[in-house]
Amino acid sequence: MTLKKTMVAALAVTVLGTTAVGCGNNDTKNSSGDGGASGSAAKQEMNINFTAEPPVLDSSKATTNAAFTMINALNEGLYRLDKDGKPTPGLAKDMPKISEDKLTYTITLRDNLTWADGSPLKASDFVSSFKRTLDPATKAQYNFMVGWIKGGEALITAKPEEVQAKKDALGVKALDDKTLEITLEKPVTFFTQLLAFPLFFPQKEDFVAQQGDKYGKDPDKVIGAGPFILKEWAHEQKLVFEKNPKYWDAANVKLEKFTVNIVKEPATGVNLFDTKEADLTDLTGDYVKQFEGKPEYTVKKELTSAYLMFEQKKAPFLANKNIRQALTMAINGKAHVETVLKNGSVPATGLVPAGTADGNNEEFRKVAGDTQPKYDVAKAKELLQKGLQELGMTQLPKFKVTADDTDGAKKTLEFILAQWKQNLGVEAVAEPITHALRVDRQNSKDYEVLVSLWGADYNDPMTFMDMWTSTSPLNTTDWSSPAYDELIKKAEDEKDPAARSKVLVEAEKLLMDEMPIGPLYFRSKVYAKAPKVEGIVLPSFGIEWDLKWTSIK
């Protein structure tokens with residue numbers, strides 16, 4: 001994503017993601033408890049520590065793992081991913097009927113679906129949602145994914161006077177209240193999987209219009225049709241969810257309530273877990289070793305890549321390829337993951353993380369090999385001097401490196417800055433800020449160098465690759481390459497899986513040579529999970545966790 005997955009992304013919330021602590025209040029303390037007296041049923045409530053507050057719970061505008069995770073709890077798409085990452089019917093009655101040319105998907109909704117307020121949910125709610133995401137006025141950064149629907153790109157780029165006509169021509173129709181027809185511009189092999197991603201969730205059109213710019217920003221400004229309802233949102237402190245009795249599968253939702261506490265300090269999170277005020281907390285640094293071998297120790301396999309973003313207009317010296325390569329090659333990735341992260345993450349060897357499928361029944365990383373230049377201080381010094389000479393400079397000006405303000409992110413900043421000073425004699429200033437502000441600064445290109453992550457939205461290299469094209473709203477580096485754009489377009493149009501995989505490998509090699517971003521590591525995540533928590537799904541991509549099937553024993 002984590003996304004994407006930032007970021008996102010995905011982009012992706014991480015050891016680098018965060019906000020303020022708001023834990024240990026009387027109204028949340030021990031809410032998961034042990035169910036009361038011996039022999040009584042366990043209380044179906046749990047507390048979760050989370051490092052980042054979602055900036056907004058609007059499925060059209062969301063870009064962060066935090067937002068997608070919460071939206072997935074309170075709403076649902078046509079499909080929902082199971083514990084193996086496979087799409088299963090959600091609001092849809094069954095799997096889609098796909099035309100022989102792989103372009104048209106006909107989907108029937110379940111009977112008697114309602115929104116959380118009891119009003120009917122119809123196929124037209126998907127139509128209005130997709131059109132809103134594609135409307136240029138919405139300024140949805142993820143619109144390009146919905147743009148794979150026929151006429152989607154034309155709507156994204158429409159002039160104000162053309163918007164309505166382009167909406168009318170869009171390849172999505174409600175054939176009746178229960179039947180949705182989606183026609184694609186070209187075949188997308190993973191489209192059914194995509195329909196489980198929050199970007200493709202329905203929206204209640206009149207409610208969205210009524211809330212205006214405030215939609216998705218407070219409990220009373222958001223509505224869904226998922227397993228849970230957002231009942232409380234104390235910003236930068238906690239979010240409280242309760243079971244949605246009107247959810248179509250409410251009979252199989254065991255949790256009655258869960259609270260997400262925003263906790264950015266690992267020590268605080270572990271303390272809350274140790275005192276049974278939290279049932280799930282992520283572990284970083286020395287805390288990973290502390291829990292290793294214990295029943296609480298839980299590993300989440302992820303498709304998440306962390307990297308540096310170089311903004312070339314904000315810091316013109318970063319428009320020089322040799323400077324970007326030097327800064328990336330001077331960071332010892334192995335030392336970073338072993339001394340700072342300590343959570344099973346591995347040094348990056350390209351942009352696309354290990355474990356990502358290549359669309360041709362192979363693993364992309366194994367097919368591509370190492371496309372990223374290895375850690376090499378001597379070569380980094382050489383590249384730095386070459387870049388400085390090309391720029392007519394004797395040294396780089398002091399610049400800022402922006403990241404989230406979690407404990408892990410701060411330590412990552414310290415490590416990177418120390419590496420640059422020791423290996424290159426380059427001085428930079430750490431700028432840790434809140435997750436929401438970091439995302440805003442990233443989106444508005446208000447940074448020089450920025451630490452971001454992207455988690456996969458679907459299991460394919462394209463979720464990491466297409467975000468760096470010249471026209472992608474997620475590419476905020478001001479780097480542009482017609483050659484890269486052409487390779488991505490070629491991969492999008494290629495129908496042969498083996499040929500497509502080769503094109504994507506070529507594209508990643510070009511990206512790693514130009515290095516508008518400097519990959520740092522492929523993230524692995526470790527949690528401490530209370531043994532009484534059963535059935536929690538920890539997806540490798542898309543969202544942080546799914547509690548639909550969770551129960552407390």
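**Contacts, sheets and overall dimensions of the chain**

Apart from neighbours within four places in sequence, Thr-298 is in contact with Lys-525, Val-526, Tyr-527, Lys-529 and Leu-538. These contacts, like every value below, were computed from a predicted model. Thr-298 belongs to strand S12, which covers residues 297-300. The relative accessible area of Thr-298 is 14%, and because the cut-off for a buried residue is under 20%, Thr-298 counts as buried.

A second threonine, Thr-138, is located in a loop, with helix H2 (124-134) on one side and helix H3 (143-146) on the other. Thr-138 has a relative accessible area of 12% and is likewise buried. When neighbours within four places in sequence are set aside, the contacts of Thr-138 are Ser-60, Lys-61 and Arg-132. Pro-187 lies 49 residues from Thr-138 along the chain, and the C-alpha atoms of the two residues are separated by 26 Å.

The secondary structure of the chain consists of 18 helices and 21 strands. In general, the strands of a sheet pair through backbone hydrogen bonds, in either a parallel or an antiparallel sense. Two of the sheets are described here.

One is an open sheet of four strands, ordered S4-S5-S7-S6, with antiparallel pairing. The edges of this sheet are occupied by S4 and S6 (172-176); each has a single partner strand, so one side of each lacks a neighbour in the sheet. Strand S4 (residues 97-98) is joined to strand S5 (residues 104-108) by two bridges, and the two run antiparallel. Within this pair, Thr-106 of S5 stands opposite Lys-97. S4 and S5 make up a hairpin in which five residues separate the strands. One residue of the turn, Lys-102, has a positive phi of about 65°.

On the next step across the sheet, S5 is connected to strand S7 (residues 179-183) by five bridges, again in an antiparallel arrangement. Thr-104 has Thr-183 in S7 as its bridge partner. Strand S7 also runs antiparallel to S6, and four bridges join these two strands. Here Lys-173 is partnered by Glu-181 of S7.

The other sheet is also open and has six strands, in the order S14-S18-S13-S17-S15-S16, with mixed pairing. Its edge strands are S14 (346-347) and S16 (428-433), each of which pairs on one side only. Strands S13 (residues 304-310) and S17 (residues 449-455) pair over seven bridges in the antiparallel sense. In this pair, Gly-455 of S17 is the bridge partner of Thr-304.

For the chain as a whole, the radius of gyration is 23 Å. A compact globule of 553 residues would have a value near 24 Å, so the chain agrees with that expectation. Along the principal axes, the C-alpha atoms fill a box of roughly 70 × 60 × 40 Å. Of the 553 residues, 59% count as buried. The chain exposes about 21200 Å², and 49% of this area is supplied by carbon and sulfur atoms. There are 71 positive and 77 negative side chains; the centres of these two sets lie 1 Å apart.

Conventions
Residues are numbered from 1 along each chain as its sequence is written. This is a predicted model: local features need pLDDT of at least 70, side-chain atom pairs count only at pLDDT 80 or more; totals for chains, interfaces and linings use all residues. Side-chain values use heavy atoms; hydrogens and water are left out. Two strands pair if DSSP finds at least two bridges between them. The radius of gyration is taken over C-alpha atoms; the globule rule is 2.2 Å times the number of residues to the power 0.38. Buried means under 20% relative accessible area, exposed over 50%, partly exposed in between (1.4 Å probe, protein chains only). Accessible areas come from the Shrake-Rupley method with a 1.4 Å probe; for residues, only the protein chains shown count as cover. Lys and Arg count as positive and Asp and Glu as negative; His and the chain ends are not counted. The place of a charge is taken as NZ of Lys, CZ of Arg, CG of Asp or CD of Glu. Contact means heavy atoms within 4.5 Å.
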